[in-house]
Amino acid sequence: MVIVNDLKPGMNIEYENSIFSVIDISQNKTAMRQMIVKCRVKDLRTGVVKDLSWTGGDKVETAQIDKRPMQYLYDDGESLVFMDNETYEQIEIPRDRLTWELNFLKANTDIHISIYEGEVLSVILPDKVALEIVECEQAVKGDTATSASKKAVLETGLEIKVPLFIKENEVVLVTTADGKYSSRA
């Protein structure tokens, strides 16, 4: 248990049968009233961001989230299979829970999985991943009036914009936060 006055951004709490990560916190104390503690939190199960408030001195339960290093093995059509790097135990996560992450996962990719009391909460991708371009438009000479980029399709099926000098079969780094081209690998 922790007093809500001591909450800090990045802490994980359990409140009303949900697990939250604290994003921001503010405390309001007036002479006539007790302190009000307001927190902006993100639900780790659903991804919903919302505001919670308590009276100063209230207590909430802290949540211990484990982050395990794992390796993506394969997609069996309905779920994705990951292997724990230490115990070699395999876990399956339903495919529909990982729609964004599928854009960056290829066989043998090392990732982290956050787990709370045996429940898989999320897949934590590296900041950037190296992916090969399988299809790319041709650069047109003098085509720099609006933007100097062209469409490219990566090996995972993700379509991104790349600079004109990038060609098919090149490996590029893509930022996993927004899915944009970063640099050549």
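Visitor: Which residue offers the backbone oxygen that the side chain of Thr109 reaches?

Guide: This is a predicted model, where local features need pLDDT of at least 70, side-chain atom pairs count only at pLDDT 80 or more, and totals for chains, interfaces and linings use all residues. Residues are numbered from 1 along each chain as its sequence is written, and side-chain values use heavy atoms, with hydrogens and water left out. A polar contact is a pair of N or O atoms within 3.5 Å; within protein, one must be able to donate a hydrogen and the other to accept it, and residues adjacent in sequence count only if both atoms are side-chain atoms. At 2.5 Å, the side chain of Thr109 reaches the backbone oxygen of Lys106.

Visitor: Thr109, then: buried or exposed?

Guide: Thr109 sits in the loop between β9 (90–94) and β10 (110–116); strands are DSSP runs of E, at least two residues, numbered from the N terminus. Buried means under 20% relative accessible area, exposed over 50%, partly exposed in between (1.4 Å probe, protein chains only). Thr109 has 12%, so it counts as buried.

Visitor: Which residues does Thr109 touch?

Guide: Contact here means heavy atoms within 4.5 Å. Not counting residues up to four places away in sequence, Thr109 touches Met70, Gln71 and Tyr72.

Visitor: How is the pair of Tyr72 and Phe82 classed?

Guide: Rings of Phe, Tyr and Trp (its six-membered ring) pair if their centres lie within 6.5 Å; planes under 30 degrees apart are stacked, over 60 edge-to-face, the rest tilted. Tyr72 lies in strand β7 (residues 66–75) and Phe82 in strand β8 (residues 79–84), and both are buried. With centres 5.5 Å apart and planes at 55°, this pair is tilted.

Visitor: And why does the pair of Trp100 and Phe104 get its class?

Guide: Trp100 is partly exposed at 37%, while Phe104 is buried at 1%. Their ring centres are 5.2 Å apart and the planes stand at 65°, so the pair is edge-to-face.

Visitor: Which strands are the edges of the open six-stranded sheet?

Guide: The order is β1-β6-β2-β3-β4-β5, with antiparallel pairing; two strands pair if DSSP finds at least two bridges between them. Pairing on one side only marks the edge strands, β1 (2–3) and β5 (49–55).

Visitor: In β5, what is the bridge partner of Lys38?

Guide: Seven bridges join β4 (residues 36–43) to β5, and these strands run antiparallel. In β5, Lys38 is bridged to Ser53.

Key:
Helices (H or I, at least four residues) and strands (E, at least two) are DSSP runs, numbered from the N terminus.
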